[in-house]
Amino acid sequence: MASLQATSCLLFSSSSCSSRRKVITGAISVPKLPKIGLFTPKIIPSGGLITNPIPIEKNVVPITTIHQQQDHNEECNMTTTQRLYAILEAVCDRVEMHNNIGEQRNNWNTLLLNSINMITLTAATMAGVAATGDSHLGLKLSSTLLFSAATGMMVIVNKIQPSQLAEEQRNAVKLFKQLQREIETVIALRVPCEEDVEEAMEKVLALDKAYPLPLLGSKMIEKFPKTFETATWWPSRQHHQRKNRDGRLESTNQSNGWSEEMEMEMREIVKVLKTKDTEDYERLGNLVLKINKFLAISGPLLTGIAAVGSFSGFPLLAAAAGALATVVNSFEHGAQVGMVLEMYRNCGGFFKLLEESIESTLDESEVEKRENGEMFEMKVALKLGRSLSELRDLARKSSYSCLEGTQNEEFASKLF
C-alpha cells in the first residue's frame, strides 16, 4: 500500500514538472522578426555619422560606362573638327593658288595685247612703205610673215580670253575667302557636326567645278556659248535650314521670327529679282556676248586679209586692214570685254543664288527649322545694299504694282 502511494506521488511530480517546462518554454518563445539589412555608417566631414541607410538602385549606369561614353563623344567631336580643319587648309591653299594664277593671267592679257599690237602696226608700216616703191620684196615678205604671226596669236588669245580668265580667278578668290570665313565662324561658335563637314566639302567641289584651272579641254569654261549663262558656284542640292545653325538666334516664340507679312515680303523680293535684276543682267550679258563674238572673229579676219593683201601685191589694202585689226584688238582686250562678260555672269549668279536661298527657306514647312526670320531679313537687306525699311518699301511697291496692273521700275539691288 505504501509502495503504491509512493509510485503515484512520483508520477504526479513528473507530470507537473513536464507541464511547467512546457509553460516556461511557451513563455520565453520569441516570434521571428523580419531581416534588417546591415549598413556601414559613413563618416561625414563634420565628424558625425550618417545613420540612415542609403538604398542602392539596381538600374544605375556605372560611372566607368559614363566616362567611356563621354570619351567616345569627345573623340568623335575631335575627329569631326580635325576633318573640318583639313577642309579649311585646302580652302586656304586654293585662295593662294587662284590668286597667283589670276595675277599671271592678267599679265598675259597685258603682254599679249601689247605684243600683238606692235606686230600688227609694224607689219602695217612695212606694207605702207612697200606701197611707195616698185621693188620692196623684203618689206612685202616681212609684212606678210608678221601679219600671219599676228593672225595666229589673235586666234589663240581670242579663244582663251585672258581678261575673262583673270576675272574668273578673282571671283574664285573672293568666293573661297567667303567659304573660309564661314568655316572659321562655325569652328569659333560651336562644335562642328558631320553635316558641317559634308556641306563644306560640297561647296569646295562646287567652286572647283565653277572655276576650273585648265585653259583648254572640256573642263574649261566655254567663252562663246550660244546663249548667255549665269555662273553657278553652289551645290545643286540646297541644304535644309537647321535650327540655331552658325550662331543663329533662338526665338522664344513658336514663329521663330517669321510672320505671314514677312513671308509675303520675301516672295515679293524674289519676284522683283527675277523680273528686274536677273532679267536685266541676262539682257546685258547676251549683248556683251554678241559684241565679244564679233570682235573675236573680226581681229583675225582683218589680219588674215592684210597678210593675203601684202603677199598678193596690195600693200595699201594690207596697211588698212592691219590698222583696223589693231583697233579691234585694242578695243577687245584693252577694254577687257571678256572681263565684263564674266562680271555679268557672276552678278547673274549672285541674284540666282539669292533667289534659291529665299525660296528654299520659304519651302520649309516647319518654321522651327528655318533660320530666324529677323536674321534672315537682315542678311537679304545687306546683300541688296538696302536698309530694312527700304527692303519693306520695295516689297510694298511691288505688291501695289501687281494690284494696280502697273510695272515696277525699281531694281532690288542697289549695289550693282
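How many aromatic pairs does the structure hold? Let's work through this and a few related exercises on the predicted model.

**Exercise 1. Count the aromatic pairs, then classify the one formed by W233 and W234.**

*Solution.* Start with the count: the structure holds five aromatic pairs. Next, take the geometry of W233 and W234: the ring centres are 5.2 Å apart and the planes stand at 85 degrees. Planes over 60 degrees apart count as edge-to-face, so W233 and W234 make an edge-to-face pair. To finish, check the surroundings: W233 and W234 are both buried.

**Exercise 2. Describe the pair of Y281 and F351, and find where its two partners sit in the chain.**

*Solution.* Begin with the rings: from centre to centre they lie 5.6 Å apart, with 45 degrees between the planes, and the pair is tilted. Then locate the partners: Y281 belongs to helix 6 (residues 260–312) and F351 to helix 8, with their positions 70 residues apart, so this pair links distant parts of the chain. Both Y281 and F351 are buried. Finally, widen the view: Y281 and F351 join Y344 and F350 in one aromatic cluster.

**Exercise 3. Which rings have K276 and R370 over their faces?**

*Solution.* Take the lysine, then the arginine. K276 lies over the face of F411, 4.8 Å from the ring centre. R370 lies over the face of W258, at 5.0 Å from the ring centre.

**Exercise 4. Characterise the second largest pocket and the helices that help to line it.**

*Solution.* Start with the volume, which is about 260 Å³. Now turn to the lining: 15 residues take part, and I221, E229, T230, A231 and R345 are the closest to the pocket centre. Sort the lining by class, and you get seven nonpolar, three polar and five charged residues. As for helices, helix 5 (194–210) and helix 8 (337–363) each contribute at least two lining residues.

Look at helix 5 in its own right: its 17 residues reach 25 Å from the first C-alpha to the last, close to the 24 Å expected at 1.5 Å a residue. Its buried residues include D196, E199 and L207.

**Exercise 5. Is E96 buried, exposed or partly exposed, and how far is it from F176?**

*Solution.* First place the residue: E96 is in helix 2 (residues 63–130). Its relative accessibility is 45%, so E96 counts as partly exposed. Then compare sequence with space: E96 and F176 are 80 residues apart along the chain, while their C-alpha atoms are 9.7 Å apart.

Technical notes
Residues numbered from 1 in each chain as written. Predicted model: local features only at pLDDT ≥ 70, side-chain atom pairs only at ≥ 80, totals over all residues. Heavy atoms only, no water. 1 Å grid on protein atoms, 1.4 Å probe; cavity = no way out; pocket = protein on both sides within 12 Å on 5 of 7 lines; lining within 4 Å. Points joined across faces, edges and corners; volume = space filled by probe spheres on them. Helix = DSSP H or I, 4+ residues; strand = E, 2+ residues; numbered from the N terminus. Nonpolar A, V, L, I, M, F, W, Y, C, P; charged D, E, K, R; others polar. Phe/Tyr/Trp six-rings, centres within 6.5 Å; stacked < 30°, edge-to-face > 60°. Buried < 20%, exposed > 50% of the residue type's maximum accessible area, 1.4 Å probe, protein only. Lys NZ or Arg CZ within 6 Å of the ring centre and 35° of its normal. Expected span 1.5 Å × (residues − 1).
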